[in-house]
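Got the viewer open? Here's a short tour, one selection at a time.

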Amino acid sequence: MSWTYYAILHVASILLLTGIVFAVFGGAPEERRKQIMMAGGILSLLALVGGFGLAARKLGMANPLGWPAWLWVKVVCWLWLSAIAGIAYRRRAQTPRWIALTAFFLIVALAMVFLKPDFAG
């Protein structure tokens, strides 16, 4: 598949996953928890597949051991976005904190994509 396909898959799934996360922050009902968490898991997997496809196709980085630091920072941001919906369901009283941290991780991930900083020097 072309890198364009992976880019569309990655960006679309991240946008939808972000929407699900913020729906949980907004007070998604407990009765819909199973469906929301399943959708979040599927979208998280699609984001991962799209991201790895981009790393392999566009960037020529098939081996994770050779990835630059900015790509590992994006993986950490993806892990946060994948996990926070479940955490937010369990700890609703801390929603403002979760919103701030999620916004931070999203901004960091965007900065990594556009700036691709070299942390070595």
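Select F25 to start: is this residue buried or exposed? With a relative accessible area of 9%, F25 is buried, because anything under 20% counts as buried. Keep in mind as you click around that this is a predicted model.

Now add F22 to the selection. Its relative accessible area is 31%, so F22 is partly exposed. F22 and F25 are three residues apart in helix α1, which means about one helical turn separates them.

Next, a look at rings. The structure holds seven aromatic pairs. The one you already have on screen, F22 with F25, has ring centres 5.1 Å apart and planes at 90 degrees, so it is edge-to-face. For another, jump to F104 and F105: their ring centres lie 5.5 Å apart with the planes at 75 degrees, so this pair is edge-to-face too. Keep those two and add W80 and W98, and you have one aromatic cluster made of W80, W98, F104 and F105.

Stay with the tryptophans, but bring in some lysines. Select W3 and K58: the charged end of K58 sits over the W3 ring, 4.0 Å from the ring centre. Then try W70 with K116. Here K116 lies over the face of W70, at 5.1 Å from the ring centre.

Time to switch on the pocket view, if your viewer has one. What is the volume of the largest pocket? It comes to about 820 Å³. To find the middle of the pocket, select H10, V11, L54, K74 and V113, which are the closest to its centre among the 30 residues of the lining. Colour the lining by class and you should get 24 nonpolar, three polar and three charged residues. Colour by helix instead, and you'll see that α1 (3–25), α2 (33–57), α3 (69–90) and α4 (95–115) each supply at least two residues of that lining.

Finally, zoom out and go to cartoon. How many helices and strands are there in the protein? Four helices and zero strands, running α-α-α-α from the N terminus on. Turn the C-alpha trace around and it spans about 45 × 35 × 20 Å along its principal axes. The radius of gyration is 15 Å, which agrees with the value near 14 Å for a compact globule of 121 residues.

One last colouring, by burial: buried residues make up 34% of the 121 residues in the protein, and F25, where you started, is one of the buried ones.

Technical notes. Residues numbered from 1 in each chain as written. Predicted model: local features only at pLDDT ≥ 70, side-chain atom pairs only at ≥ 80, totals over all residues. Heavy atoms only, no water. 1 Å grid on protein atoms, 1.4 Å probe; cavity = no way out; pocket = protein on both sides within 12 Å on 5 of 7 lines; lining within 4 Å. Points joined across faces, edges and corners; volume = space filled by probe spheres on them. Nonpolar A, V, L, I, M, F, W, Y, C, P; charged D, E, K, R; others polar. Phe/Tyr/Trp six-rings, centres within 6.5 Å; stacked < 30°, edge-to-face > 60°. Buried < 20%, exposed > 50% of the residue type's maximum accessible area, 1.4 Å probe, protein only. Lys NZ or Arg CZ within 6 Å of the ring centre and 35° of its normal. Rg over C-alpha atoms; globule rule 2.2 N^0.38 Å.
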